[in-house]
Amino acid sequence: MSVIRLDHDAFSGVYTLYLRDQEVGYISKIRYEHNGRKGFRGVSVHGQVIYAYSLLSAQNLLMEAYH
């Protein structure tokens with residue numbers, strides 16, 4: 001079993017990122033207004049907001065913000 005887990009809530013569309021069963025942050029899909037590109041916004045449990053173009057990069061940025 002991996003120590004990093006990503007759960008998806010199909011109703012709200014929000015991903016919850018866990019590290020060893022502790023919440024690290026939340027990721028949701030957004031649409032950038034300036035060029036129409038899809039992306040992801042992440043919010044760490046400490047309140048830091050990040051933006052990324054892929055789910056994997058959003059996950060990595062949240063893990064970096066957590067430590």
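**Figure 1. Surroundings of S44 in the predicted model.** S44 touches V24, G25, L62 and A65, when residues up to four places away in sequence are not counted. The structure shown is a predicted model. S44 is placed in strand 4, which covers residues 38-44. With a relative accessible area of 4%, S44 is buried, because a residue counts as buried under 20%. One of the residues that S44 touches, L62, is taken up again in the legend on the nonpolar core.

**Figure 2. Overall view of the protein.** The protein contains one helix and five strands. Read from the N terminus, the order of these elements is β-β-β-β-β-α. The radius of gyration is 12 Å, close to the 11 Å that the globule rule gives for 67 residues, so the protein is as compact as a globular protein of that length. Along the principal axes, the C-alpha atoms fill a box of roughly 40 × 25 × 20 Å. Of the 67 residues, 31% are buried. The protein exposes about 4600 Å², and carbon and sulfur atoms supply 51% of this area. Among contacts between residues at least 6 apart in sequence, 18% join residues that are at least 24 apart.

**Figure 3. The largest nonpolar core.** Which residues make up the largest nonpolar core? This core has 11 residues in all: Y15, L17, L19, V24, I27, F40, I50, A52, A58, L62 and M63. Strand 2, strand 3, strand 5 and helix 1 (55-66) each supply at least two residues of the core. The contacts of one core member, L62, can be followed in this view. Leaving aside neighbours within four places in sequence, L62 is in contact with L17, V24, G25, Y26, I27, G42, V43, S44 and I50.

**Figure 4. Surroundings of T16 in strand 2.** T16 is found in strand 2. Is this residue buried or exposed? T16 is buried, with a relative accessible area of 13%. Apart from residues up to four places away in sequence, T16 touches R5, L6, D7, E23, G25 and Y26. Two of these residues, R5 and D7, form a salt bridge with each other.

**Figure 5. A network of salt bridges.** Side chains of opposite charge can pair when their charged atoms come close. The count of salt bridges in this model comes to two. In one of them, R5 pairs with D7, and the closest N and O atoms are 3.2 Å apart. R5 is partly exposed, with a relative accessible area of 28%, and D7 is also partly exposed, with a value of 32%. D21 forms a salt bridge with R5 as well, the closest N and O atoms being 3.0 Å apart. This pair links distant parts of the chain: D21 lies in the loop between strand 2 (14-19) and strand 3 (22-31), whereas R5 lies in strand 1 (residues 4-8), 16 residues apart. D21 counts as exposed, at 59% relative accessibility, because the limit for an exposed residue is over 50%. R5, D7 and D21 are thus linked in a network of salt bridges.

**Figure 6. Positive phi values in the loop between strand 2 and strand 3.** Most residues other than glycine have a negative phi. R20, although not a glycine, has a positive phi of about 50 degrees. R20 is found in the loop between strand 2 and strand 3, and at 60% relative accessibility R20 counts as exposed. What is the phi of D21? Phi of D21 is near 65 degrees, a positive value in a residue other than glycine. D21 is likewise found in the loop between strand 2 and strand 3, and is exposed, with a relative accessible area of 59%.

**Figure 7. A nonpolar patch on the surface.** V43, V49 and Y51 make a nonpolar surface patch of about 250 Å². Y51 is found in strand 5, which covers residues 49-52. With a relative accessible area of 46%, Y51 is partly exposed, because this value falls between the limits of 20% and 50%. V43, another residue of the patch, is among the residues in contact with L62.

Methods
Residues are numbered from 1 along each chain as its sequence is written. This is a predicted model: local features need pLDDT of at least 70, side-chain atom pairs count only at pLDDT 80 or more; totals for chains, interfaces and linings use all residues. Side-chain values use heavy atoms; hydrogens and water are left out. Patches are made of residues with over 30% relative accessible area and no salt bridge: like charges are joined within 9 Å, nonpolar side chains (Val, Leu, Ile, Met, Phe, Trp, Tyr) within 5 Å. Accessible areas come from the Shrake-Rupley method with a 1.4 Å probe; for residues, only the protein chains shown count as cover. A salt bridge is a side-chain nitrogen of Lys or Arg within 4 Å of a carboxyl oxygen of Asp or Glu. Helices (H or I, at least four residues) and strands (E, at least two) are DSSP runs, numbered from the N terminus. Buried means under 20% relative accessible area, exposed over 50%, partly exposed in between (1.4 Å probe, protein chains only). A nonpolar core is a set of buried Ala, Val, Leu, Ile, Met, Phe, Trp, Tyr and Cys residues joined through side-chain atoms within 4.5 Å. Contact means heavy atoms within 4.5 Å. The radius of gyration is taken over C-alpha atoms; the globule rule is 2.2 Å times the number of residues to the power 0.38.
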